[in-house]
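Trainee: Could you please take me through a close look at one part of this entry, and then follow the matter through to related places in the chain?

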Amino acid sequence: MNITLENLTKRFPARGRKAQGETVAVKDLSFEIPDGMLVGLLGPSGCGKSTTLNMICGLEAPSEGKIFFGEEEVTHLPPELRGVGMVFQNYALYPHMTVLQNILFPLENLKGEERPSRSEMRERALETARLVQIEELLDRRPKELSGGQQQRVAIARALVKMPRVLLLDEPLSNLDARLRLQTREEICKIQKKTGIPTLFVTHDQEEAMSISDRIVVMKEGVLMQQGRPQEVYDNPANLFVAKFLGTPPINVLEGEVSGGMLRLDGQPVLPVPGAEEGPVYVGIRPEGFRPDADGPMACGLNRVEVLGRETSMVCTHPACQADTLRAILRSEEEAEAQSGQVRFSLRPEKVFLFRRSSEERIRFDCPARAGA
Amino acid sequence: MEQNSRKAWLYLLPSLVLLGVFLIYPLLDVLVYSVEEGYNFASQTYQGVGAYNYSYVLHDPYFLQAVENTFVLVILTVPTSTVLALLISTALSSIRPLRQLFQTIYFLPYVTNTLAVGLVFMVLFQRTEYTDGLVNLMLSWFGAGPIDFINGPHWAKMFVLCFYTVWVVLPFKILVLTSALASVNDTYYQAARVDGTSRARIFFRITLPMISPMIVYLVITGFIGAFKAYSDAVALFGTDLNAAGMNTIVGYVYDMLYGDSGGYPSYASAAAILLFAIVLTITCINLLVTRRRVSD
């Protein structure tokens with residue numbers, strides 16, 4: 001069953017007596033969570049991710065637009081009739097109940113024919129607990145659990161009523177770095193096992209890229225781009241997406257296209273056939289530099305960081321927006337520094353051009369970039 | 001180490017001295033008074049040591065009346081006021097418009113002068129030559145006869161006292177419970193809503209357990225406060241509470257010391273010690289009962 005959002009808009013009235021106008025948290029947002037997929041909703045804080053989540057689960061009513069679960073429109077259904085499982089950022093486990101009681105709670109809310117018998121409830125709770133591997137913690141209270149365990153209890157509580165869609169709000173932000181890696185794999189595994197379409201919200205692009213089948217990038221309530229993580233990374237639609245995805249981040253330089261050549265600081269560095277002429281922003285992924293003694297791009301070398309598998313060179317370039325730019329080279333590639341200068345040639349598929357005014361992508365013909 | 005602990009004691013000294021002089025010593029002194037038989041106030045002498053004072057107090061019909069009154073007051077007002085406060089504060093926290101206004105209105109009795117409150121109750125309940133009081137007026141609409149609430153039957157006077165007590169203690173309880181309710185994290189309610197929890201179930205399974213520590217606090221302090229009731233009774237029924245049959249234990253202690261029939265510190269001390277024992281027992285029972293239920 002696909003979850004579909006159609007032209008969702010959410011406006012909040014201005015708060016306070018003096019405030020004027022209203023805040024648009026989400027604007028004309030449309031995307032789809034395909035059946036059985038794990039979708040990462042990604043964006044900086046305050047971009048409307050959580051509002052979107054709340055609209056899907058029914059805690060907030062959209063100002064405009066529609067939400068479909070499969071064929072059924074649920075836009076105006078109250079949360080309890082939608083069949084959503086939600087995992088809150090702080091887990092919201094009831095502190096006065098044991099783990100088992102927490103997991104049983106949603107089942108005990110069911111009424112009429114839907115309500116399973118006592119023993120069925122227990123059976124289902126135990127089954128879910130086994131799925132997230134917390135069988136041995138059932139008699140504990142939430143405060144006696146570690147962050148990762150609490151997270152699993154929260155997932156179990158969301159899954160136990162077999163929701164049509166699972167929503168996770170910043171599921172990993174309360175965990176320490178090591179646990180985060182482990183838990184994100186765990187979430188991915190559980191999602192694949194249950195096959196429930198899942199949307200999770202995060203501001204951490206690495207998190208989203210690593211486990212999502214699809215990612216949806218948002219900025220200030222507006223959808224920027226969606227697609228498979230690699231696709232979006234290799235083909236950013238605009239400067240924002242290019243900057244938001246990837247660690248270390250993309251290097252942004254100010255350049256100019258003239259005569260079919262991309263010029264940085266006046267020097268031609270790359271042929272860009274088909275690109276329109278004029279001043280541009282140039283995004284170069286750190287892995288887009290190739291050391292080349294005769295290369296067209298000359299940079300001042302600041303320092304070299306040897307990381308074993310790869311080498312990271314921190315350089316300066318007059319056209320660069322930041323103080324330094326970073327090039328990542330495979331360790332067998334060697335760059336020769338001469339009088340504090342290194343020269344690179346660029347891999348065209350790792351170079352993106354953006355219009356100065358709109359920050360939209362300018363395409364150019366690049367044989368290495370299939371389907372671009 | 002040695003020096004440190006000497007310093008610590010030095011810092012503690014002022015409060016220890018004050019506590020010793022004004023709290024510990026009087027407490028012990030009361031205990032001593034209560035076992036000195038035939039104590040003479042003027043000559044500061046006594047004839048022997050024993051339990052006679054206790055026996056006298058426990059056989060004094062006025063004391064028994066006071067104990068009965070106090071217990072009735074405690075048993076009626078503590079649950080009533082707590083439940084009422086809970087209902088009101090729940091209602092208060094679920095409304096948005098005019099919430100501040102209602103909060104202020106409910107808190108007003110707390111800052112109102114006792115004498116002014118007494119006057120209000122006079123208007124409500126007191127019979128004068130011209131009127132039977134506001135409550136009697138309302139009763140007459142339903143055909144119920146005028147009742148003398150101030151000088152009439154014991155149950156009517158007890159009703160007024162309980163009504164007054166509930167009304168006086170409500171603001172503080174509402175204040176405490178409203179802030180307790182506000183401190184419950186909103187995501188618990190969101191989680192419950194997503195799971196389709198009914199309002200009643202949210203209240204009994206989530207809200208109530210979450211604020212139970214505050215409720216326990218209110219019940220315990222409510223018990224203690226009600227056991228110490230005295231001034232309310234005076235405000236309503238005047239100083240001769242024994243004659244009105246409306247005395248409380250603390251009132252009895254006061255009367256034994258300074259009242260018209262007073263001048264018996266030994267009896268007063270014995271009654272005070274008995275009150276202390278009662279309050280201590282009830283508080284211990286309270287804690288034992290609630291400890292298991294309140295885990296957080």
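Mentor: A:N7 is exposed, because only 12 other C-beta atoms lie within 10 Å (placed from the backbone, 20 or more such neighbours within 10 Å make a residue buried, 12 or fewer exposed, and anything in between partly exposed). The model is predicted, so local features need pLDDT of at least 70 and side-chain atom pairs pLDDT 80 or more, whereas totals for chains, interfaces and linings use all residues. Residues are numbered from 1 along each chain as its sequence is written, and chains are lettered from A and ligands numbered from 1 in the order in which they are written.

A:N7 belongs to strand β1 (residues 3–13) of chain A; strands (E, at least two residues) and helices (H or I, at least four) are DSSP runs numbered from the N terminus. Although A:N7 is not a glycine, its phi is positive, about 45°. A:A92, also not a glycine, has a positive phi near 50°. This alanine sits in the loop between β6 (84–87) and α2 of chain A, and it counts as buried because it has 24 C-beta neighbours inside 10 Å. Another backbone feature is the cis peptide bond between A:T247 and A:P248, with omega about -10°. A:P248 is placed in the loop between α8 (239–244) and β11 (251–258) of chain A.

The loop that holds A:A92 leads to helix α2 of chain A. Helix α2 (residues 99–108) packs against helix α3 (residues 118–131) of chain A at an angle of about 120°, with the axes 10 Å apart. Axes are lines fitted to C-alpha atoms, for helices over the stretch in contact, and angles run from 0 to 180 degrees between N-to-C directions. The angle therefore makes α2(A) oblique to α3(A) (under 35 degrees is roughly parallel, over 145 roughly antiparallel, 65 to 115 roughly perpendicular, and the rest oblique). From α2(A), the contact involves A:L100, A:I103, A:L104 and A:L107, and from α3(A), A:M121, A:R124, A:A125, A:T128 and A:A129; contact requires C-beta atoms, placed from the backbone, within 7 Å. These residues comprise 7 nonpolar, 1 polar and 1 charged, where Ala, Val, Leu, Ile, Met, Phe, Trp, Tyr, Cys and Pro count as nonpolar, Asp, Glu, Lys and Arg as charged, and the others, Gly among them, as polar.

Definitions and conventions. Contact = placed C-beta atoms within 7 Å.
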